[in-house]
Structure formats: C-alpha cells, structure tokens
Amino acid sequence: MSHQPCAIVGIGQTHHKSRRWDVSLGGLVREAARRALDDAEMDWDDIDAVVIGKAPDLFEGVMKPELYLTDALGATGKPMFRVHTAGSVGGTTGIVASHLVETGRHTRVLAVAYQKQSEGNAQFALGSGKGASLGAGGAFAPFMRSYIQRSGAPLDVGPMVAVKDRLNALKNPYAHLKLENISLETVKASPMMWDPVRYLESCPSSDGACAVVFTDEAGGKAAAAAGRQPAWVLASAVRSEPASFPGRDPVRPQGAIDCAAEIYATVGVSNPREQIDCAELYVPFSWYEPMWLEAHGIADEGAGWRMVESGATALDGDFPVNMSGGVLSSNPIGASGLLRFAEAALQVRGMAGEHQVDGAKVAMAQAYGASAQYFAMWIVANSLDPFGS
Amino acid sequence: MATHPPDDIAIIGWHVSPMIRRTELTEAQMLLEVVNGATAHAGITNADVDFTCAGSCDYVAGQAFSFVQNIDAFGAWPPKRDSHVEMDGAWALYEAWVRLLVGDLDVALVTGSGRSSTADPDIVYPMEMDPYYLAPLGVDAMSFAALQARVLLDGGVVTERQMAEIAARCRRDARANPHAQVAGDFDVDALLAEDYVREPLRRHDLPPITDGACAVVIARADKARELCENPVWIRGLSHCAEIHYAGLRDLRQAESITRAAKAAGVGDAPVEVAELQTAFTHEEPLVAAALGLGADVVVNPSGGPLAANPIMATGLVRIAEAARQIRDEGRHRTLAHSTSGPCLQQNLVCVLEGE
Amino acid sequence: MTTTRSVEATIRFPYKRSLGPVMGAFMTALTEQRFLGIRSGERVLCPPREWDPDTAADLSADDLVEVGPAGTVESWTWVSSPSAAHPLDHPFAFALIRLDGADTALLHAVDVASPDALSTGMRVAPRWKAERVGHITDVEAFVPGEVPQGGGGAGAEEPVTMMDYDAAITYTTPVTRNEMRAEAANAEGRFLGLECPACARVYLGGRGFCPIDALELGPEHEVELSQRGTITNYTIIEPVQYPGQTETEPFARVHVLLDGSDVILGYQPVVEFPVGDVRIGARVAAVWNDTKVASGGGIELDGWIPTGEPDDTDPNLVNRIC
C-alpha cells in the first residue's frame, strides 16, 4: 500500500450570509482560500493542485465553474479537479484532496467548496426551472415523520436541536444565522413549513465558501514543530445507494451505516461515543441529528433522541455535535460538507475559538446528499496515533 | 512476463455505446448498457466493483442533480463507494485511479455519459464561460475554436488545406470504427469549396453532435493479473489547466498539455498511437506538438471526436480506444488525451502500455 | 408504439450577480463610455479581474487604469447565423481586441457587413449603446476605425455593483419506450408495473430497469398494478414563493402504497382531501384527468382521493417510504 499520512495545516472560510453581494464568485472563493493559505503560512505558489466542489451549477448559472475559477484559485499550470456528489460534495472534495496527498501524487493540495445561492434561486433550480418543487424540506419531511414515529421521540427533540445549534452559532464568527433570542418557544412558535418541520428547524440559504490545505507527513510534522497543530486525516469513506426501491430505508440508510462502520474500523473505534470527542454531522433539518446519531452507531437504534434530550450533544455535553452551529446555521450547500469536515479539523487542532470542545483529540465529520443516499465521512485527530495503540 | 509493482493499475475492460445523433434512451439506460458491457468485457460482475466514479454534466442533461438518477445503472446495492465529477469521464478515471492507488481497493468502474442532442450547443456552452465578460455575449465553443484556429493560421502553424486533410483522414479512418457517427471518403478540394460555418472553420472542421456513453474498468496489478490475461497498464496519468479567459492567453501555445505530458511521462519512450480529444481539426497539430509527438505517431485511428463526440464521454472514449489499440491491434505504447473548456483550457494525458 | 417522441421544455434562468470591486468599477466605467484595465506588474490586463491570472496575486481596484477606447483585432471569426444568445441578431464577428494601452485582448462582437471587411490587425472602436446599465453589452459592438460611435447621455449615478444574467435553454428530451407504454396504460386508467426477473421487485412502469440488479426491464416484465392504495406517510407544505411556484395555500403530498404490491408512489397530490384530514392509513384511489384527451393528449393522474374505506392501522406503514 502506498497510503501515507495526510495532514490538514490550513483552514479558511468566508463569513456566510444570505447575500454576499460585496464579492464576485471569484472573490468569494478567494476569500476562503486566502484564509486557508494564511493559516498554513503558504502562498498560491506553494500549492500543487486544486480540488473544487460545489452542488448544482444551475444554482449560480455557471456551468463547470472550475474552468472560470482556475486562475482565481491559482491553478494556472496546475491540475484543477471538480467533484459533484450532491449535498455530500464538500466532504468528497476534502476526501479527494486527501487522497492526492496520501498517494503521493501531490505534496500540498488546496480543497475549495462553495455556493453562492443568492445568484439564483435554489428552490427554482431544484425544479430545474421547470416549475414547482417541494424543496428539500418537503422531500425529507416524510423521512423525519417516520423517524419520530418509530423512535417514539418526544416532539420537543427537533426544536431542542434547532436551539442548540443556533446557540453554538452565536460563538462562531463565520456563522450565517445569529439568533440571539432563540428558545424552544420561539422555535415551536415558528411556522410549520414542511410538517413535521418548522421554519426554525430548517437550514438557511447561504452564500459562502470553505477552503482546506492538505499536506504530507513531512509538511504536517513541520507545521507541528513550528507550533501550528495539524489535524491528521485518519480515515475517510464514501457510499452511495439508489434513491428509491422497495426495501430501502432512507431513515437509516445502509450507505450511512456502512460508511460509518468503515471509518471506525480503519481507526480502530469500537465505541464511537466514548472514543470520538465530537462530531460535525450534516443536519439541514433538526431531526437529522438523532437520525444520524443512530445511523452512525453513536447511539443505539431508537435512542438518538435521548442523547439530544439529555444534553449530551450540546457544546458542554459528553458528545458535542455541530459545535460550529452546523448546517442549521449556515448552508452554502456545496460548501456545507467541507465546512463540517473543516470544523472537525479545527476542533482537533484546538483552533475553534469560542466553540472549541475542551481537549478534543479525535473528531468525526459527515456530509450527505440527494435523497439521503450519498455519504462522505472522515475522522481527524491531533496525532497519528490518538489511542496510543 | 513482466512483473508489476502492486501499485501499478491496469485497464481490464471497457465498453463504448453506439454513437448516434439522438438517442431514445435516458442517460441511466445508456449507462446501463456500457456498465454491463464493460464488466462483462473484464470478466467480472457488479459485485466485484469496489469503487465507481461517473463523469457527466447537469447542463448537458438539463437538470440539477442529473447524475443522481444515473447511480441506478451501477447496481449500487449494497451501497457502493462512489463518486461523481462534473467533468469528462477521463477525469472520473483519474479520480478512480487515485482511489485505487490508496491501496485498499482493487477494482473500479468509470463512466462518462452525455446526451448532447437535447439542447443547442450554441446556447448551452456559453454557460461555461466567464459569467461576467463572456457568457452574457453568448460566446459559444465553436466561436472560441474559430478564434484559436485563426491565430494558428495567421501564425503558420496550420493551413486550411491541412485542416481539411485532417478531417478527411479522420472520417476515412472512422470507416473501420463501428462506433463512428460520421465516416466516409471525402475529397479535400471539395471540402475546401464548402462555405464557412464559423470562418475560418467549415463544416468538416467541426465535430458532430453525439449522444453516447463509455465505461472502463481498472484494477490494481495483482487483481488485474488474476482477472485478465492481457491487462493494459496505465503508465502515466496527469492533467493540467490554463487561464480561462482566452484573451489573456497565447493561443498559439498549449502549455498545460506539455506539462501534463511531462508529468505522465509521454517522452520516456516512443508512442505508437495517440487518441486525441481534438474536436476541431486545427487542434490536432497544436495538441500533437504540445505532446511532443513525432510524425510517425498514428493519430486518432478511430476517427477521433470528428467521427463521434459524446460530450462528457469523448475523453474516456479516447482512453478506451487507446487501450483497444494495445489489446486488439498489437500496439505496445499508446496515449490518450482529453480536454475541457474554451480553446483547450484544461487537458488530461494518459499513457498506456501492454506487457 | 414504435415511433419515439420527445418532450420540449425551456428552462429560463434569471440570475443576479454581484460584481465585486474590480468588475464593478469596470462596469461602472462602461456606463461612462470608458474602458478600464488593471495593472499587474509590467502588464495592463483588460478586461480586469481581482487577481493576476498567472500568479493569483491580489489585484486592487486602486490599480485600475483607463485603456482604449480603440484597439487592434488579434483574431476574429465570422458568425454567419447568430444564436439567440448572441449580442447581435444579424451576421457579425467575434473578435479578440487588444485595446490601446492594454497588453491582453478583450473578446467582443465586431459589426461589419461582411467578413471581407475583417482582418487580423485591423483597428476598431466601440459603438456604445444609448442606454447603458453597467453590463458587457453596453458596448453594442465594435466597428472599424478609431472613433467611438453611438453612446450619449450620462454615466451611472451610483457605482454599478450588480448585473443581471438571463439564460434560456430549450431541452428536447426523448420519451423512452417504457415511459410511452406506461403513459399508454395511464391513458386507459391503468398503472403499469415492471417486475425484475432477478430480485422480483416491482417498479412503476416508466423506469425501464432495476437499480438493484442493473437490469433492463421491458414489455416481457410488465405487471398490472392496483389503482387503490394506502397513505403511508405525508407532509403538509407551506408554499414558499419563488419563480415557477404555482401553489399559494398549504398543500399535502402523500406517499401511497399500492394494494397488493410493494410499489410506493412518493410525494403525490391529493384530491378532495382537506389537509387537516390527511393521515397515515387513509385509503385512497387514483383520480384521472381526461381534459387533454380532446386535444390528443393522454389521461393524466390528478392525484389521490379518499375511498371512505376504513383506515389501515398497521403501525409500520409510516416506514414505507421508498
């Protein structure tokens, strides 16, 4: 096996807003990339290859935007690669970049993911401009109803997730939604948009970008020696499954179960709740937190909501989830997956500021897409051997 | 028999769909045929495939998330390790190749697919240009090609007669290619007597509009040996991009091709055949020169994109054709090239070898 | 049934782009009938961007310099039949034009009567639109000579920060043979199913293949499906307004499990079923709409209407959603 360690030494993101009308598309991605390069103490010249990820091109009306953004991201004379795996694309972007380093293809790789939703209209584009669409909320609502009924979860669990993530977002300077007065009451009083999902249990529509600099073992160790803690990519995995066939369970998708099992096995995790310190999970609608806790084996089947209810997933709980405020607080769709992956890395680097989990050494991140059928996950840690094996 | 390090990766099967002006199949149905064809060619089943990677484009399909329906063609149950690039299938092969290099998986299936017939290319392709300065002018891919052709004509790199000769040669060679859409004997003088479509480009300088798909199966060395008597080894694979806005570039050059060729080791040994994604006649001498190919190299014996141009699969078909030259035509070392964007903006080079 | 047909749909995309500091200044200058380039080292780049295209180094709006208005054609092509997306509706040229004072070429249209009037190295000047909004098409086209044409009026009162971009693409998508057979069945008020010979799963008839076994399914796999079923799950949607939205009041979408099968139809509309009454277990039947038959169309599914039968009380119904 030619697999070699890969380190994250630079992370950058934009301030996420509903409309970043102060920047062009190039300006938006460069804002995140520049911050990641600065964090890595690198310049454009230091990067060997660029991987770009984003969700549908119809959202901004720019087909294959990696072409236009080649020189904006310093990829003139370099490999420029574009992935698109629906909502999981940000995760895939990071994973492909990490593989380019792990296989020795390149020494330093810049991964960038973005969406500038304000340029178009996502609801409109989801229907491909051909008429009405249900929106993502309408598509996922039956899955959440199924979860609620089969788990017997109290109806307050969804609103509790919505409150928790927005409180975390107040600690994240880059987060889009800053809801100072968020409470169970305000969430429950908000309009029922896609029964059983309320307005305040849903993600916003954001403009934003995220960038991550990956490097090899030598680069990671050099950063560590210079006092800049790297995050090591210990495991990553992806899974896809067809959207619709008799026997598929979209509440507890086999792809999610398999994907999580693979990263746990790679790292030697037998009890994720004990051995992993925190997680950034793709939760665009509140109920997805307990659903993913169960599908990823962090909670037993039917018990994910108990972790939420007990406060275990709060920033000061024993298994914090979505410390950044999550997708519920910022949702530049194509970037949302990489933001999850980047936040996990920030946590183990100890660089998450006010939303830092004390002593986080091992973190996992997940992104999912389409009809809950595309999955990307990774585990990052502050050392190559966090469990001292 | 030569031994190969375990990290060597080989092409062990492929399938090219019929190349036609207008399919009556969905993209998933087109993929179904090539996926099953390629696994059969490799002597494996879907269950043997550890990783799938598809290349396709929402704007070609006319639908957001269009590739999500295409996963249905992969038999992805139990769920598969899978990815998708909004690029030609040649880049999907690049991702799959890197994925196998990680070392934990043995077999990957790669596809490229597109139904170009569903919309007017002159309306679709301006959408991939600079969204502020170019797309609002509706500058289409053919116009960009014509601007580069004139620079090459003015610079003496090529003549209109040479361009017509390239068209005639490609369509003549395409007669032996069962997948060709445009093939036949054409008289160069008659071609040169035709009107321009985008001066200095005539009809014969342009590719056809093609619906089609291609799938390729690759495997790590040990598995390739186990499954296949004559694997086609991927000796080098690299890609590189240039500045987007054509007015900022020297259109007489294609430096990203030279860089990719160097990284792929094109010059390490003689190449016998080159399958180039040169959809416009004038691109062939530019690309061949940038790759450093000698005059003895056989270029596009399949007819190339001038014979069939299934957007999002054209590059992957080049790789399949270059592999076929080794497997079926007794060649030892061949090359495939893929490109994307205006005036050959982004390029991929793949070097293949037999035993 | 052997001739294929296709469906035509035009997708109109209304986009609004923010320009950022450098392109915003360029577009603002266009309203003033001026061209700006941007200095990067020894070179002046036009059109200007926020980064050096070779090094990606930041370029600042402070480094903008005026160029043109006349320039030299470096390459051109003749567009004998313009597309709907092109800036002129009669034959014209696209050209790469190096404006005086710039080191790079701007791509734009050149308006001349015939390609005979064009040559590499020729001199051109802009013909300005009378009304300029800060858009690359404020230059109607370039014309031969040194002297700008057209224009008049004042520049923008406020700096230009945004631009509109509208694209319309018409897609002609084939209707597959399976879809046509499924439609023909619908026209007779029937649902067609396709049963996979490998896994025995049944799919609604238009699909044409089994996604599990990656097998083609055709006429030999057809089975009849019931037009009655049970609601297994649903959502009530509060409509959000966006281009193309046709709903104004809360509406239901239900999942229906067809009787005697595992086939689920997801996100279905309901008929004569108030949103407050929509529930899991309700028995429903397909309602067909024949208003298009008179004009040669087929019968279409309107939605699902309550049958009045007793509800199905199976607690597992809610999980039948795929």
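**Exercise 1. How much area do chain A and chain B bury between them, and what percentage of it is on carbon and sulfur atoms?**

Solution. Some ground rules come before the steps. This is a predicted model, in which local features need pLDDT of at least 70, side-chain atom pairs count only at pLDDT 80 or more, and totals for chains, interfaces and linings use all residues. Residues are numbered from 1 along each chain as its sequence is written, chains are lettered from A and ligands numbered from 1 in the order in which they are written, and side-chain values use heavy atoms, with hydrogens and water left out.

Step 1. Take the area. Chains A and B bury about 4800 Å², with 63% of it on carbon and sulfur atoms. Buried area is the accessible area (1.4 Å probe) that two parts lose on being put together, summed over both.

Step 2. Find the leading residues. M63(A), L67(A) and F81(A) supply 15% of what chain A buries against chain B, more than any other three residues.

Step 3. Count the contacts. Here 55 residues of chain A meet 56 residues of chain B; contact means heavy atoms within 4.5 Å.

**Exercise 2. Describe the polar links between chains A and B, then the make-up of chain A's side.**

Solution. Step 1. Look for salt bridges (a side-chain nitrogen of Lys or Arg within 4 Å of a carboxyl oxygen of Asp or Glu). The rule finds two across this interface. E128(B) pairs with K64(A) in a salt bridge, the closest N and O atoms being 3.4 Å apart.

Step 2. Add polar contacts. There are 15 residue pairs, both at pLDDT 80 or more. A polar contact is a pair of N or O atoms within 3.5 Å; within protein, one must be able to donate a hydrogen and the other to accept it, and residues adjacent in sequence count only if both atoms are side-chain atoms.

Step 3. Sort the residues. The side of chain A that touches chain B has 24 nonpolar, 18 polar and 13 charged residues. Ala, Val, Leu, Ile, Met, Phe, Trp, Tyr, Cys and Pro count as nonpolar, Asp, Glu, Lys and Arg as charged, and the others, Gly among them, as polar.

**Exercise 3. Work through the interface of chains A and C in the same order.**

Solution. Step 1. The area buried is about 4400 Å², and carbon and sulfur atoms give 58% of it. Chain A brings 55 residues to the contact and chain C brings 54.

Step 2. Two salt bridges link these chains. In one, R17(C) meets E119(A), with 2.7 Å between the closest N and O atoms.

Step 3. Polar contacts join 26 residue pairs, both at pLDDT 80 or more.

Step 4. The side of chain A that touches chain C divides into 25 nonpolar, 18 polar and twelve charged residues.

**Exercise 4. Is S302(B) buried or exposed? Place its surroundings.**

Solution. Step 1. S302(B) is buried, because its relative accessible area is 3%. Buried means under 20%, exposed over 50%, and partly exposed in between (1.4 Å probe, protein chains only).

Step 2. A polar atom of the S302(B) side chain lies 3.0 Å from the backbone nitrogen of G304(B).

Step 3. Beyond four places in sequence, S302(B) has contacts that include N177(B), E275(B) and R318(B).

**Exercise 5. Which residues does M163(C) touch beyond four places in sequence?**

Solution. Step 1. M163(C) touches P131(B), Y132(B) and P136(B) in chain B, and residues of chain C including Y15(C), R17(C) and H135(C).

Step 2. Check the chain separation. M163(C) and R17(C) are 146 residues apart along the chain, yet their C-alpha atoms are separated by 5.2 Å.

Step 3. Check exposure. M163(C) is buried, with a relative accessible area of 3%.
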